[in-house]
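Q: I would like to learn how to read contacts, accessibility, strand pairing and cavities from a set of coordinates. Could we go through such features one at a time?

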Amino acid sequence: MRKKLLFSFILLLAVSFTTAVAQITVTGNVTSAEDGETIPGASVTVRGTTIGTVTDFEGNYSIEVPSEESILVFSFVGMISSEVMVGEQRTIDVELESDVVGLDEIVVTGYSIRTRSEPTGAISRIVGDDFRETLVQSPDQALQGRMSGVMVSHASGQPGSGLLVQVRGRGSISAGSSPIYIIDGIQVRTDYTSAVVPDNALASISADDIESIEVLKDASATALYGAQGANGVVLITTRQARKGETVYNVSTQFGINEQPAHIDVMDGPTWTETMIQGYVNYFVDRGEDPDVRRQMAIDRYGDPATAPTYDWQDAMFRAGALRKINFSASSGFDDTRIYISGSYDYEEGPVLASDFNRFQFRSNIDHSFSDRFTVATRLSASTSTSNGLREGSANILSPFHGGLTQRPIDAIYTEDGGYNHNDFIRVNLVQLLNENIRQAKTKQFRGSVTGVYELSDNISFRSLWGIDYRTVRDRTYTSALLPRYADRGGSLDERFREAVSFNTNQIIEFRETFNVHSVNLLGGFEYRQNDRESFRASGQQFPNPIFTQLDLAAEETGISGRTSHSRFAGFFARADYVFDRKYYVTANVRYDGSSRFGSQNRWGLFYSGAVAWELTQEPFMQQFEFINQLKLRTSFGITGNSSISDFAPLSLFGSGGTYEGATGLRPSGLGNDLLTWEEARTLDIGFEYAVLNNRIFGSVNWFNQRNRNLLLNAWLPTDSGFSSITRNSGVVENVGWEVDLGVRWLSTDNFSWNTNFNFTYQENEIIELVDGQDILGSSVRVGYPLNIRWHMEYAGINPADGRVFWYDTDGHLTYRRTSSEYQHVGNYRPDFFGGLTNRFDYGNFSLTAFFQYEYGRGTYNSTIGRRMQSVRTERQLLSRVAELAWQEPGDMTEIPRHYIASSFPGSSSHYNSSLFWRDASYIRLKEVRLNYSLPTQWIQGYNISSVRTFVQARNLVTWTNYPYGDPEIVGVATGDYPQSRQITLGLNLQF
């Protein structure tokens, strides 16, 4: 027994001695590589373990590691992490490089690539890691709420639809106001899309393939694009392989797509009683017996006690499916880098008959033939199909108008299971969605070849040749199974559109640094050609609903075609000068010509100049150690806008009908040889900053942009034979503030918290219109912003009799509404907007929450707001109408008493008034995402480098006082497809 105890004791001592020997103590000091200062509070951990410590006030540390194979990880907020293997070292001193808020990261600017610290213009940037694998279908969705000065709004919730993007406001009245998009050097056309489904030309690029997106905002940044840069420039760079790495990545996610909430509407009994009251009130005002009229109303609408309720929203809406699969492979060799990817996306809309699917393939290859000559190819192909719905109009064929306003007492199906039709239901919306077709099929190819030849160590020549090719086939089929269209025997309308854009640029660049001076000179030539063709054919009387090809139509109902062509050419140059990394000067000039303008004014000169001062490089700033960056900058320049019709300056002829079988022509448009560019003159003042070891960083900008020589229609006397002519006249001004703020709150061994916030405030005003006019149309007025609502101001209800009041222009109450008393009641444009992102990392978990907001914008909802609050339409009503309508003398409310006519005796109709204008300000939890990465020891031996699972949601919660559904829909909300809530589960594998 004693021997066993002695043996056990000796064994325990041996183990203890061995363990003591295995523990290795490592000490050292952590300093900044930039200034040599010690870094207190830096984190020192052993990779793959929970062993760790932090440096003391003098930057010193001491840590015990398990073995010589241990790897120490040194990290600090605002610094680039460093890893060192212990080996035989017992003292390890480390210098951490400053990650000065990305100042040395690469950004793409006008036709070149520079570090972020060099540009003097206003540039916003997001990297692909910020939105990769999120629920965005296109790059424009990724911009929303993430950049100051860039307002992105959904015009439709249709899967695959495009967005409205404006950089620093809207400066044009009639010409285009969207920025230009350049993907890997190729300018992408976004204006020739489907005519039946609100699709998106940018949906051909997968968000998983994007390396970065830069938005050029001020004249210094955009002037090199000259006549194309007045509305801002969006530069999209796709991913490429990194040298020395071979990486395979597979990600997939599945989920649901659902409407956030149904519109709160009346049930059958409540609706019937409300309609009866409106009927009785109308005839009582005309002296008739209320009991007699109530019985007549019951005969017309039914008895409230027995009225049924049918939920049309529930029948049309559903929980749609979401699927997304992406694969990529990249490998970097000494001379060649290859990146290829493929993806499949499917989104089933939350409304019947709406969905979007896309297949996409990309190949990015870079090859160096020698030390001086490199060729890069960027090729992508995609095909997508979008099935959509009629929306955006007060049309009974729209599920968002005719469907929402369908009476609750009307059955959806008959007793035998068929679709119900009666005298009031002119078309059953559920049947229409199931039987009809509204479809767009898009095929797109985009490719470029870029050659770069280094003529010397500081002179290079770059040649790019690119093409953007897209076809869209629209197909609209109306089934003969719908009784409304039975006499047509089914009808089919098909359109085929083809758009081809070719562009090339040839650039020579000189870069030299000597002593404290740095010079960069760039010059080049660019040519772009756009061609588009379309044809359309339609027919009806098909033999059977399952045969829907045009050649089977018994009756041809129409055929048409069109061809359009435009060309652009430009010469440009840029000069950059930097002195001692303190003073920056940039000058741009561009001379552009366009076939879209008159023969007398096709060429325009555009230019900009900018200066910047990096104060932290000055000796007098060294005493302020807490300031890591303070860069002041200002710029001024002129850019242009050519986003008008290809034929705007030309005198046009159109069809004059036929005579004895021959086609005739007639003049259809009056030309203008003097038509020329719109101009945007922009002054920008701002600064960039970073303080407290780069924990807090960001930028502040103020801008003033005046758009001149607007492309407007000037009215002509009718005896001229024409109604208008396009001329250059008018001025619109945009003034605003932009604020970007980033905070690195906390960073420890296992936890970090980072915040990014942006804020934009803008004012817009029309300064001048054509021919000295003060008013153009109904809502364009000198002295007011663009996108305003003009109405007589609603004053409420007279509590004595339930009639409607208005305010006249003098502020007096009146029962009569006249157009001469209309006033400015609100703006469709927000006063300010922006976004807030918080990211939390704890161990292997990370949580990201992204909020997007707009404040001060209103919406006039014509469907839910107006038609669903008035019994005169004899359609479905909001529940609130029964609760808030005036009933008896003394009631204080905003909704008049129920009335089947448009107006009460002695007063005007409230049907068109500011009553239906509502504040649409909101804060939305746009995205929330939770990631979990499996520990590396769990996947060792499976040839897998990382496994990440995640759950994410989009449009999860919205805080708003807007009562009529989605507050983000821009403009007059009439039958619009609202945005949906999306939730998915996902998995990412990297090999």
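Q: Leaving out residues up to four places away in sequence, which residues does Ser560 touch?
A: In this predicted model, Ser560 touches Phe535 and Arg536 once residues up to four places away in sequence are set aside. Ser560 itself belongs to strand E26, which covers residues 555-579. The C-alpha atoms of Ser560 and Ser534 are 8.4 Å apart in space, although 26 residues separate the two in sequence.

Q: Is Ser560 buried, partly exposed or exposed?
A: The class follows from the relative accessible area, where buried means under 20% and exposed means over 50%. Ser560 has a relative accessibility of 41% and therefore counts as partly exposed.

Q: How does one read the class of Asn955, buried or exposed?
A: The limit for a buried residue is again a relative accessible area under 20%, and Asn955, with a value of 7%, is therefore buried. This residue lies in strand E50, and its contacts, apart from neighbours within four places in sequence, are Arg924, Leu925, Lys926, Gln979, Ser980 and Arg981. For Ser980 there is also a distance between polar atoms to read, since its backbone oxygen lies 2.9 Å from a polar atom of the Asn955 side chain.

Q: What is the order of the strands in the open sheet that contains E41?
A: One reads a sheet by following each strand to its partners, and here the order is E41-E42-E43, an open sheet of 3 strands with antiparallel pairing. E41 and strand E43 (813-814) are the edge strands, and because each has a single partner strand, one side of each is left without a neighbour in the sheet. Between E41 and strand E42 (residues 804-807), the antiparallel pairing runs over 4 bridges, and the bridge partner of Tyr794 in E42 is Trp806.

Q: Where does Ala795 lie, and what does it touch?
A: Ala795 is found in strand E41, residues 793-797, and, with residues up to four places away in sequence not counted, it touches Phe805, Trp806, Tyr807 and Leu813. Ala795 has a relative accessible area of 26% and is thus partly exposed, as this value falls between the limits of 20% and 50%. Ala795 and Asp808 are 13 residues apart in sequence, with a C-alpha to C-alpha distance of 9.6 Å.

Q: Turning to enclosed space, how many cavities of 30 Å³ or more does the structure hold?
A: There are 10 cavities of 30 Å³ or more, and the largest of them contains about 320 Å³ of space. Its lining consists of 25 residues, of which Leu135, Gln137, Gln141, Glu347 and Gln982 are the closest to the centre. The elements that contribute two or more residues to this lining are strand E18 (320-332), strand E19 (336-348), strand E50 (946-960) and strand E52 (981-990). Sorted by class, the lining of the largest cavity has 15 polar, 5 nonpolar and 5 charged residues.

Q: What is the volume of the second largest cavity, and which element gives the most to its lining?
A: The second largest cavity has a volume of about 130 Å³, and 17 residues line it, with Asn200, Ala203, Ser204, Ser384 and Thr442 the closest to its centre. At least two lining residues come from each of strand E20 (355-368), strand E21 (373-387), strand E22 (437-454) and strand E23 (459-478), and E21 gives the most, with 4 residues. By class, this second lining divides into 10 polar, 4 nonpolar and 3 charged residues.

Terms used:
Residues numbered from 1 in each chain as written. Predicted model: local features only at pLDDT ≥ 70, side-chain atom pairs only at ≥ 80, totals over all residues. Heavy atoms only, no water. Buried < 20%, exposed > 50% of the residue type's maximum accessible area, 1.4 Å probe, protein only. Contact = heavy atoms within 4.5 Å. 1 Å grid on protein atoms, 1.4 Å probe; cavity = no way out; pocket = protein on both sides within 12 Å on 5 of 7 lines; lining within 4 Å. Points joined across faces, edges and corners; volume = space filled by probe spheres on them. Nonpolar A, V, L, I, M, F, W, Y, C, P; charged D, E, K, R; others polar. Polar contact = N/O pair within 3.5 Å; in protein donor to acceptor, adjacent residues only side chain to side chain. Pairing = 2+ DSSP bridges.
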